[in-house]
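Trainee: Could you walk me through this one before I set anything up?
Mentor: Gladly, let us look at the structure together and take your questions as they come.

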Amino acid sequence: MSLPDATGIHPSLDRSRKNAACQLISVKSKVESDEDLFMVPDMEARPSGSSKDSEVRHGSGCGVTLKRKRGRNPVDREYKRVKRLLRNRVSAQQARERKKVYVNDLESKAKELQDRSSELEEKISTLINENAMLRKVIMNTRAKVDESAEVHNDQLSKS
């Protein structure tokens, strides 16, 4: 059984941290452009099989072979964490883009509705003015009809 060294870190954990750091460096060195930044890389071949103990090589250039129990290796946890963070970053960027499209769509619909509202208000104003003019025409015509009817009645009563 190995004991922690002078730093208080167990040697196997220290080795695992070095492997995780090596893996992160290899991931960061692969990023070339903004598009690459938002892509989830398929890092190294992941262990497949149902055995509890398996042997896996991690990182490029590190060349460390480890015996581990599935799911308990800090490197494996770090790999999953990095992969999750990258997936979350991509997902967040996609959500921001969807939101931007949605907001632009809402803004264009609002503009269309405002334009339509202005057209309808203008039409209402025109119709109100036309209605008022027609009412005045009816009143003037009715007054003339009433006068001619009175004149006609006067002539009939005189005859």
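**Charges, patches and pairs**

Mentor: E147 lies in helix α3, which covers residues 74-158, and I should say at once that what we have here is a predicted model.

Trainee: Okay, is E147 buried or exposed?
Mentor: E147 counts as exposed because its relative accessible area is 55%, the cut-off for that class being over 50%.

Trainee: And which residues gather with E147 in a patch of negative charge?
Mentor: On the surface, E147 is joined by D146, E150 and D154 in a patch of negative charge.

Trainee: Switching topic, which residues form the nonpolar patch on the surface?
Mentor: That patch is formed by Y102, V103 and L106, which together have about 270 Å² of accessible area, and Y102 is a residue of helix α3.

Trainee: Let's zoom out, how many helices and strands are there in the protein?
Mentor: The protein has three helices and two strands, and if you read along the sequence they follow the pattern α-α-β-β-α.

Trainee: What share of the residues is buried?
Mentor: Of the 159 residues in the protein, buried ones make up 14%, while the accessible surface comes to about 13,200 Å², with 54% of that belonging to carbon and sulfur atoms.

Trainee: And the contacts, how much do residues 24 or more positions apart account for?
Mentor: Among contacts in the protein with a separation of 6 or more, residues 24 or more positions apart account for 42%.

Trainee: Back to charges, how many salt bridges does a search of the whole structure find?
Mentor: Such a search finds five salt bridges, and we can go through some of them, including the one between E78 and R81, whose closest N and O atoms are 2.7 Å apart.

Trainee: Where do E78 and R81 sit relative to each other in helix α3?
Mentor: They are three residues apart in helix α3, so about one helical turn separates E78 from R81. Side chains of opposite charge can pair when their charged atoms come close.

Trainee: Is E78 buried or exposed, then?
Mentor: E78 is buried, because its relative accessible area is 17% and the cut-off for that class is under 20%, whereas R81 is partly exposed at 34%.

Trainee: What does K111 form a salt bridge with?
Mentor: K111 forms a salt bridge with D115, the closest N and O atoms being 3.5 Å apart; both residues lie in helix α3, where they are four residues apart, about one turn of the helix. D115 is partly exposed, with a relative accessible area of 36%.

Trainee: And how far is it from N to O where R116 and E119 meet?
Mentor: The salt bridge between the side chains of R116 and E119 has an N to O distance of 3.9 Å, which is within the 4 Å that the criterion for a salt bridge allows. R116 and E119 are three residues apart in helix α3, about one turn, and R116 counts as partly exposed, with 46% relative accessibility.

Definitions and conventions:
Residues are numbered from 1 along each chain as its sequence is written. This is a predicted model: local features need pLDDT of at least 70, side-chain atom pairs count only at pLDDT 80 or more; totals for chains, interfaces and linings use all residues. Side-chain values use heavy atoms; hydrogens and water are left out. Patches are made of residues with over 30% relative accessible area and no salt bridge: like charges are joined within 9 Å, nonpolar side chains (Val, Leu, Ile, Met, Phe, Trp, Tyr) within 5 Å. Accessible areas come from the Shrake-Rupley method with a 1.4 Å probe; for residues, only the protein chains shown count as cover. Lys and Arg count as positive and Asp and Glu as negative; His and the chain ends are not counted. The place of a charge is taken as NZ of Lys, CZ of Arg, CG of Asp or CD of Glu. Buried means under 20% relative accessible area, exposed over 50%, partly exposed in between (1.4 Å probe, protein chains only). Contact means heavy atoms within 4.5 Å.
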